[in-house]
Amino acid sequence: VQLQASGGGLVQAGDSLRLSCAASGRTSSIDYMGWFRQAPGKEREFVAAINWSGDLIYYSDSVKDRFTISKENAKNLVFLQMNSLKPEDTAVYYCASKRGGVNYRVNYDYWGQGTEVTVSS
């Protein structure tokens with residue numbers, strides 16, 4: 001599986017941004033797609049996840065009600081719509097895929113290269 005994330009940029013607090021992740025290769029092996037982020041000097045953290053059929057969705061408490069994860073199945077695309085962005089959302093955002101398991105927060109198998117999001121105050 002290959003993952004290509006895009007859509008990051010520099011925005012102001014309160015703005016919106018949409019990240020995209022294109023999956024290719026053995027996408028039939030994917031059970032979950034997830035978004036993670038890593039801020040400078042901090043550990044990588046879970047942001048959101050969606051199962052491949054798109055009917056199970058999970059968010060971290062810090063982004064719930066502001067971010068929306070979705071899929072476009074026909075094109076193997078996963079999106080992260082980020083609204084009401086805050087300076088603390090500044091991070092490199094990674095998409096990832098995993099096969100199997102019930103814990104959607106851990107044990108992802110493949111990772112994209114990351115896309116940087118900077119939110120100025």
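Which residue in E11 is the bridge partner of glutamine 12? The close-ups below, taken from a predicted model, start with that pairing.

**View 1. Strand E2 meets strand E11.** The answer is serine 120, which sits opposite glutamine 12 as its bridge partner in E11. Zoom out a little and you get the pairing of E2 (residues 9-12) with E11, parallel in sense and built from 4 bridges.

**View 2. Strand E9 meets strand E11.** Here the strands run antiparallel, with 3 bridges joining E9 (residues 91-98) to E11. Look for alanine 91: its bridge partner in E11 is valine 117.

**View 3. The two faces of strand E11.** In a regular strand, side chains take turns between the two faces of the sheet. E11 (residues 115-120) shows that alternation: on one face are Thr115, Val117 and Val119, which are buried. Pointing to the other face are Glu116, Thr118 and Ser120, and these are not buried.

**View 4. Arginine 37 and its polar contacts.** This one is in strand E4 (residues 32-38). Arginine 37 counts as buried because its relative accessible area is 6%, under the 20% cut-off. Its side chain makes a polar contact of 2.9 Å with the side chain of tyrosine 93, and another, at 3.5 Å, with the side chain of serine 62.

**View 5. Who else touches arginine 37.** Skipping neighbours within four places in sequence, the contacts of arginine 37 include Glu43, Arg44, Glu45 and Val47. Also among them are Val63, Phe67, Glu88 and Asp89, plus Ala91 and Val92. Ser62 and Tyr93 from the previous view are in the contact list too.

Conventions
Residues are numbered from 1 along each chain as its sequence is written. This is a predicted model: local features need pLDDT of at least 70, side-chain atom pairs count only at pLDDT 80 or more; totals for chains, interfaces and linings use all residues. Side-chain values use heavy atoms; hydrogens and water are left out. Buried means under 20% relative accessible area, exposed over 50%, partly exposed in between (1.4 Å probe, protein chains only). A polar contact is a pair of N or O atoms within 3.5 Å; within protein, one must be able to donate a hydrogen and the other to accept it, and residues adjacent in sequence count only if both atoms are side-chain atoms. Contact means heavy atoms within 4.5 Å. Two strands pair if DSSP finds at least two bridges between them.
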